[in-house]
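Have your viewer ready and your selection tool at hand. We will go from stop to stop, choosing something to select each time and looking at what is there.

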Amino acid sequence: MNEARIPSLLRDAISRDLEPVRPLASPALRALALLPVGVLLLVAFPAFWSWQHHVARLPSPAWVLSAVETLLSLLVLGACFREAVPGRSLSTRAIACVLGVSGLVFVWVNLTTRSPAGVSEALLLQWFGECITTALTYSIPALIAPAWLVSRALPGRPALTGALCGLGTGLMADAGMRIICRDGDYVHVLVAHGGAILILVALGALSACAIEVIKARRLRRVRAGGVS
Amino acid sequence: MTAPPADESRLTQLMVAYQGGDAGAFEQLYAILSDEVRRHFARNHRERRGVNDLVQDLFLEIHRSRRSYAPPLPVRPWVYGIAHNISARARRAAGQQPWPSGAPDVLAEIPAPAEPLSDSLDIEQALTALPANTRDPWLLHHVFGFSFDSIARRLGITVMAAKLRSSRATRALKLALQPKGKSR
């Protein structure tokens, strides 16, 4: 064997933590592991919100469509986890397909179940803010779990991976959000609910890039002879 | 001094053993893959020291990310995926430094495999056979992930020309790498 050729720094770094590791589960299984988070955002979040604010939830057919959106969010997260594994990155066509289907399902689910509430312009803007704030309040903590799962792999395109992670979480949160939202106005749905998802996409991309920078710095420290 | 070509199943076995905490398996993986990945980096980096650092970074990252390898998938795509990531990091760290054009002087110092590795050497030969004006846009885009805008600026050509040349290179590579006797 060419054992002697391994640089001593590399050998030391390897021998410092050579404990057995369990391979990551498949992307589909890891996405499925987030099902409780999806159920929490789909059921517990609207239930808590309607109890706290005494507002009526949408009737049962709307819940079915929300469940469809939750399932879609798990598919998006599965694609995200696959993208994060080296050598298994998604093709441009697959990415376009994921984004296209997500957009279509979001529009279909949100625009078929509710009619516009016909509120004044001032209230319209207030409700924009309320929906965006509420969606972000509940979904940013939910973003932590998939972001952690992504960080365990090594995405070659961190911004894209993080964006997919944010998209999945955003769709998951929207599935619950649309049940408690009082306004079915198209502009409201697209700007407030879609806007919240886009903010999560941006946050996901930024956090993945930040994690990547931190990892690169750690690697440089190891190479410079620092701690692992 | 060169490592013998290893088939994927052997690499998979070694990788599984390495994930189980076997230091010897890592050493064997290093022996099998290091020259191969060094050649991969050397095609694109002029300085030997830079290439050696990249190889070391690669194996450190392989170690840190070893849980992300899922057996029994082939090991090489996983390793080259990480290599692509390392190259991208190096590129980002280098900022706006111009693309190194004289790479082959490092390549010459690295021992070639004793027998052709069916994938890497075929691709290398096919790439060498391409005219430089189509090979460079292809390498810059598909290996190093530069955008066509950036490639066009670097090479002083239009974006459309960069895309066209890369596309021609892809077609030529597909033809060159087709199994013998198989038609389009």
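Start by selecting A:Cys165, a residue that is buried, with a relative accessible area of 2% (buried means under 20% relative accessible area, exposed over 50%, and partly exposed in between, using a 1.4 Å probe and protein chains only). Before going further, a word on what is on screen: this is a predicted model, in which local features need pLDDT of at least 70 and side-chain atom pairs count only at pLDDT 80 or more, while totals for chains, interfaces and linings use all residues. Residues are numbered from 1 along each chain as its sequence is written, chains are lettered from A and ligands numbered from 1 in the order in which they are written, and side-chain values use heavy atoms, with hydrogens and water left out.

**The cysteines**

Keep A:Cys165 selected and add A:Cys80, which holds the closest cysteine sulfur; at 4.7 Å, that sulfur is too far for a bond. Now add A:Cys209, which counts as partly exposed at 30% relative accessibility. Its closest cysteine sulfur is the one in A:Cys165, and because 12 Å separates the two, they are too far apart for a bond. How many disulfides does a search of the whole structure find? The search gives zero over all chains, a disulfide being a pair of cysteine sulfur atoms within 2.5 Å.

**Where the chains meet**

Next, color the two chains separately and select the residues in contact (heavy atoms within 4.5 Å). You should have 36 residues of chain A and 37 residues of chain B. The area buried between chain A and chain B is about 3500 Å², with carbon and sulfur atoms giving 61% of it; buried area here is the accessible area (1.4 Å probe) that two parts lose on being put together, summed over both.

Zoom in on A:Arg11 and B:Glu27, whose side chains form a salt bridge at 3.0 Å, N to O (a side-chain nitrogen of Lys or Arg within 4 Å of a carboxyl oxygen of Asp or Glu). The count of salt bridges between chain A and chain B is one.

Then show helix H1 (8-16) and helix H8 (186-223) of chain A, the elements that give two or more residues to the side of chain A that touches chain B. Helices are DSSP runs (H or I, at least four residues), numbered from the N terminus. H8(A) gives the most to that side, with seven residues.

**Along H8 of chain A**

Stay in helix H8 of chain A and pick A:Lys215. At 17% relative accessibility, A:Lys215 counts as buried. Leaving out residues up to four places away in sequence, A:Lys215 touches A:Ser151, A:Ala153, A:Leu154 and, in the other chain, B:Arg89.

**Over to chain B**

Select B:Ser34, found in helix H2 (residues 23-42) of chain B. Is B:Ser34 buried or exposed? At 0% relative accessibility, B:Ser34 counts as buried. Beyond its neighbours within four places in sequence, B:Ser34 is in contact with A:Arg5, B:Leu29 and B:Phe59.

Move to B:Val79 in helix H4 (residues 75-94) of chain B. B:Val79 is buried as well, at 2% relative accessibility. Show B:Leu33, B:Val37, B:Leu58 and B:Ile62 around B:Val79: these are what it touches, not counting residues up to four places away in sequence.

For the last stop, look at the loop between helix H3 (48-64) and H4 of chain B, where B:Pro72 lies. A cis peptide bond joins B:Pro71 and B:Pro72, with omega about 10 degrees.
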